[in-house]
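Hi everyone, thanks for making time for this. I'd like to walk you through one chain and then take your questions.

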Amino acid sequence: MTIKELEVRLGISRANIRFYEKEGLLRPARRANGYRDYSAEDAAALEKIALLRRLGMPVETIRQVQREELSPQTALRRQDLALKALKMERWQARRLCTAMLEEQVTYAALEPEKYRGALPQPAAAAPALHSSQAAMMASKSKLPQSTSQ
């Protein structure tokens, strides 16, 4: 199938499909005219990649799982820890934000050193999700959303 057919079938943008190909996660055959020819196996692999990316899993980790250098269970445990760390960081940030609102902090009077210790450094073992990535995951997820933050 063509990249357009794959894009329509899976709802994944051409740019993302090409990115995963560039990263070595997809290896479509080429037709005589040089166009990519995506197989059913490529589509299945892309669906797996998309799911793992929606969990926030780094591309390198997915590559390791595909190459069987890392088990899916280990990768998922690591990602679960990363998501738990992110949730804790967000909870602490929200608590600080609420305190600053109650103090009616202005930009001119903002004293970063006063608040520096209120937020932990991001966990080294847990790759942080960019806020846009987390928002994308939440908005596109077909999984039930938790209402607790």
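I'll go from the overall fold to the core, then to one helix, and finish with the salt bridges.

Please keep in mind that this is a predicted model. The chain has seven helices and two strands, and along the sequence they come in the order α-α-β-β-α-α-α-α-α. Of its 149 residues, 25% are buried. The accessible surface is about 10,600 Å², with 55% of that on carbon and sulfur atoms. For those of you who like contact maps: take the contacts between residues at least 6 apart in sequence, and 54% of them join residues at least 24 apart.

Now the core. Which residues have the most contacts inside the largest nonpolar core? They are Leu6, Ile17, Leu26 and Leu46, in a core of 20 residues. Helices H1, H2, H3 and H4 each supply at least two residues to this core, and H3 gives the most, with five. Let's zoom in on Leu26. Setting aside neighbours within four places in sequence, Leu26 is in contact with Ile17, Tyr20, Glu21, Tyr38, Asp42, Ala45, Leu46 and Ile49.

Three of those names bring us to helix H2, residues 14–22. Its buried residues are Ile17, Tyr20 and Glu21. Why do they sit on the same side of H2? Because they cover an arc of only 105° around the axis. On the other side of H2, Ala15 and Lys22 are exposed. The buried residues pack against H1, strands E1 and E2, and H3. Just after H2 comes Gly24, with a positive phi of about 85°.

On to charges. A search of the whole structure finds eight salt bridges. Arg63 pairs with Glu23, with the closest N and O atoms 2.7 Å apart. This pair links distant parts of the chain, since Arg63 is in H4 and Glu23 is in the loop between H2 and E1, 40 residues apart. Is Arg63 buried or exposed? At 11% relative accessibility, Arg63 counts as buried, while Glu23, at 24%, is partly exposed.

Compare that with Asp80 and Lys84, whose side chains meet at 3.1 Å, N to O. Both lie in helix H5, four residues apart, about one turn of the helix. Here Asp80 is partly exposed at 36%, and Lys84 is exposed at 51%. Finally, Glu21, Arg30 and Arg36 are joined into one network by salt bridges that share partners. So Glu21, which is one of the buried residues of H2, turns up here too.

That's my tour, and I'm happy to take questions.

How values were computed:
Residues numbered from 1 in each chain as written. Predicted model: local features only at pLDDT ≥ 70, side-chain atom pairs only at ≥ 80, totals over all residues. Heavy atoms only, no water. Core = buried A, V, L, I, M, F, W, Y, C linked by side-chain atoms within 4.5 Å. Buried < 20%, exposed > 50% of the residue type's maximum accessible area, 1.4 Å probe, protein only. Contact = heavy atoms within 4.5 Å. Arc of directions from axis to C-beta. Areas by Shrake-Rupley, 256 points an atom, 1.4 Å probe, with all protein chains shown as cover. Salt bridge = Lys/Arg side-chain N within 4 Å of Asp/Glu carboxyl O.
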